[in-house]
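Visitor: Please take a close look at one part of this structure, the places where its pieces touch, and then add what surrounds them.

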Amino acid sequence: MKIFKLPDLGEGLQEAEIVEWQVQVGDSVSADEPLVTVETDKAVVDVPAPRSGQIAKLYAAAGEIVQVGKPLVEFTDGDDVRSDAGTVVGSVQAGDARITEQPAAFARGKTGIKATPAVRALARRLDVDLTIVSPSGRDSVITKADVERVAKRLAELGPPELLRGPRRTMAQKMAQARSEVAPATIVEDADVQDWAAGTNHTVRLVRAIEAGCVAEPSLNAWFDGHSLGRRLLQKIDVAVAVDTKDGLFVPVLRDVSNRDNDDLRRGLDSLKADARARRIPAEEMRGYTITLTNFGMIAGRYAAPVVIPPTVAILGAGRVRDAVVAIDGAATVRRIMPLSLTFDHRAVTGGEAGRFMAAAIASLESS
Amino acid sequence: MSEVTLVEAVNMALARAMSVDEDVVVLGEDVGVNGGVFRATAGLQERFGEARVIDTPLAENLIAGTAVGMAAHGLKPIAEIQFMGFIYPALDQLLSHASRLRTRTRGRLTCPMVLRAPFGGGIHAPEHHSESTEALFAHIPGLRVVIPSSPARAYGLLLASIRDPDPVVFLEPKRIYRMVKQDVADDGRALPLDVCFVLRSGADVTLVTWGAMIHETIQAADALSSAGISAEVIDIATIKPLDIETILESVEKTGRCVIVHEAARSGGWGAEISAQLMERGLLSLLAPVQRVTGYDTVMPLFRLEDRYMPSVDRIVQAVHATLEFE
Amino acid sequence: MTAPFIFDPLQYLDPDGVVVSEPLPEWANDVATLIRLYRTMVETRAFDAKAIALQRTGQLGTYASSLGQEAIGVAMASAMTTDDVLLPTYREYGAQFWRGTTMAEILLYWGGDERGSDYAGPRRDFPISVPIATHACHAVGVAYAMKLRQQLQVAVCFVGDGATSKGDFYEAINAAGVWQLPVVFVVTNNQWAISVPISKQTAAETLSQKAVAAGIAGRRVDGNDCIAMKQAAIDAIDNARNGQGPTLVEAMTYRMSDHTTADDASRYRSAEEVDAHRLLDPIERLRRYMESRGLWVDAEERELRVETAKRVEQQVKVYLDTPLPAPQAMFDHLYATLPRALDSQRQAVIEDE
């Protein structure tokens, strides 16, 4: 309230005389503190402050008479209309917040594995991965029997061999690649008939990659799937897949553009030797910008090799073979190297991949 | 020891309570001279007098409110509401007063009253005489709700309710008022409140029920037994406070539960039992808890009564469904 | 036999405290009695003003004032014995204080603490009743128990004018009549049920005439005349105690305050109307009478005010110093023994600290 009126003092009294003010204009007063002493016909009484606040005005002076219900004191703030509490019990808080509501899009979740909590708990206890259990229940529900069946089978097979070292790394990296990359592959053949004997295939492939990157720099890049950003890289650091009895190693041939072929050859040889001897430190297997897998040295023609993030491309070379091809309308036998380029389609277009491939092939087919 | 029906057992318990405690009084419409429309209070007025067996004016709210006042001032009133269909004016006195008198006076005033009412369908009665709304009362904090399912349990539980220092709503399933007879000793021995009674032991499924549905449930258990399915049958008896421990123990063993009640499905007491089983027995459950209940419709007039109320067949089917879940 | 019904309101003192009906009752010659009635009314009003101030300053919850109605409760209680039972509504602080309920207890109640209803004094009295008229049926039960036990006690039940429209009220007076119970129903007709004036409440010309329908005695009294009120109380309570059955006493008064501290009566009634009723004040009236007979002087008045103010302050301090109940208190006294099913909830509340 802003203006406090002289309250009913009881006994049917209609007025009171101000004896003494306990506050001055400008004073701050607390609720229930004495505000003013008044005298009625019957008694001298202290009137308590009805609220805390600062005094703005006193409506009467000492010695003057005030009627019950008439203004006594004014506070600096508040309003003098008794606001409608809008209730007869308690207090209903009023707020100023305005709300607008938009209908929420109800996203449908993907259906996962269906199993009751008891069955899930059983699977945990028996150490059975529910993703490998074929459900036999109605509506593809995994039953207790299903879990028990798989548990029995796994028990017969014995415990799994836990992957370590490069095999472990490979499992982790490939899983990550699977979940992030949007792979697409194009395949093509390179005519290497004119290669001189003793040509180092790997060096030629590295040069082909360099040519592809020069033609299409977007394949020599790192892609950030979270921010949807990419970094085009100046240096071309080629990771070369090396197969060893311990598993796959991918040491890096650094900065291939600024090295001559002999240097590359020496580099490759030492990488392979070191890989096989397990002498390669971890840093030498990091930070590559594009990958080469020359699986053709073992077997295989075309493939869809796996792009490891954050790189966006991997070139795979299959086994060089004699193949019948058509040249100028006539069948002839040429030495053919099959090539497979997998690229991350989040970062690289088909056109870019195609042009990369064309440039790589041009490099391979040149003498 | 005598062979009595459920309503006779009620009468026996009332007489026994009144004979040992002068503070016990009975009040309600037609309870005195007429002995109650179901004869639950037959003979009491002759034995104990008009002052203690009171024919009240026709006013359910008054009956309950008077019981509150009597109880607060030291009597042990047993108020009868003639049918559950007429109990609703008394709901105010139960909810606003009986259930909270002790707590709102910090135990200074208490309300040791019993409110009895016949309830449930199946007697081909006219409208409004077949209700099963025990869930409304079970929802009220501070109240006890007790439902007997046999003459022996009617005797023992009613005595316990009368002796209990807090208000009890004692609902008597009128369909089985006279359906069976049982040997009940008039020995003044009460049965425990707040506990379930396991009527049948079984391993494959837990059947939970109360009141008249016990009979259909037992029949279903028999039928299942011939099919090689052993059902455990639990009569919860005290609706609230619920003895969930016994039910949980059973479900831990069987992994499956079917709740049977006459009352309408949604918000019926089966929902509370199901929720508690989910909270505390989830890892034991091999199938969702099933409820076999009345439908969410107004209780139909008696021509369709049998289609509304859970039948032996529906219970059996529910058990099969729960067993076939996985 | 038709129960007696007296239409004309009993009155001894007019609004100015002048005697209008002689002779006054014998007991009214006892100065000590008059003074005790007066003091209790003054105390009730002082408490009331303080309670409102506490509510306005956020130290008390919603509060229902008894302003202007003090004589009714005080007079009725003064005619009761310790063993009689009071069933109040929420404006009978005068009766409650007379019977030993403390101001601190009433403040605790409105302050949101159940311990306020655990009266240390009158152990059998019912607590404040917020639902309307439901306690009239309780009064029937209490009186029945008294009669059955032949205790020669009386139940005194207060209801308001609004309550006389409610089923519980009719059911209660009807049962009290047919069972001839030792109960007195006091209808405090303060003219207002929140915003509904008595003219909209019933077509009955008086509220006491509802006694006729129940076959019980009915009486009207000027509820602001403490002497008349006490005499009506004595008559009704004695009759009840002597087995002559119940009486419905309609005490005419006016609700000088808002319905509760959350209500604003100016929304539905005029300041002029309220002002006019200030002239009927019960405390003023008795004081003028006593002064006119030389039974009360200014010095005593001042002393009473000071004393009362001190007592109120002391009780307010007790209230304000009462610590909050422990949260698990909501489980205490829910049942005589807390059922096992509730143990975990009680534990959860304790651990929630």
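Guide: What follows starts with a contact between chains, then turns to domains, cores and a sheet.

This is a predicted model, in which local features need pLDDT of at least 70, side-chain atom pairs count only at pLDDT 80 or more, and totals for chains, interfaces and linings use all residues. Residues are numbered from 1 along each chain as its sequence is written, and chains are lettered from A and ligands numbered from 1 in the order in which they are written.

Chain C gives 36 residues to its contact with chain B, and chain B gives 35. Two residues are in contact if their C-beta atoms, placed from the backbone, lie within 7 Å. On the side of chain C that touches chain B, the elements giving two or more residues are α5 (134-148) and α6 (167-178) of chain C. Of these, α5(C) gives the most, with eleven residues. Helices (H or I, at least four residues) and strands (E, at least two) are DSSP runs, numbered from the N terminus. That side of chain C holds 21 nonpolar, seven polar and eight charged residues. Here Ala, Val, Leu, Ile, Met, Phe, Trp, Tyr, Cys and Pro count as nonpolar, Asp, Glu, Lys and Arg as charged, and the others, Gly among them, as polar.

Chain B also has a contact within itself, between domain 1 (2-184) and domain 2 (197-323). The bounds come from an automatic or database domain assignment. The domain centres, taken over C-alpha atoms, are 26 Å apart. Domain 1 of chain B supplies 24 residues to the contact and domain 2 of chain B supplies 23. On the domain 1 side, α6 (134-138), β6 (144-146) and α7 (151-163) of chain B each supply at least two residues. The residues on that side are ten nonpolar, eight polar and six charged.

The largest nonpolar core has 205 residues, and those touching the most other members include B:Leu115, C:Val140 and C:Cys157. Such a core is a set of buried Ala, Val, Leu, Ile, Met, Phe, Trp, Tyr and Cys residues joined through C-beta atoms within 7 Å; buried means that 20 or more other C-beta atoms lie within 10 Å of a residue's own, again placed from the backbone. Among the residues that C:Cys157 touches are C:Leu87, C:His135 and C:Phe185.

Chain A has an open antiparallel sheet of four strands, ordered β1-β8-β6-β3. β1 (3-5) and β3 (28-29) of chain A each have a single partner strand, so one side of each lacks a neighbour in the sheet. Strands pair if DSSP finds at least two bridges between them; two bridges join β3(A) to β6 (residues 53-58) of chain A.

Key
Buried ≥ 20, exposed ≤ 12 C-beta atoms within 10 Å, placed from the backbone. Lists of a residue's contacts leave out its neighbours within four places in sequence.
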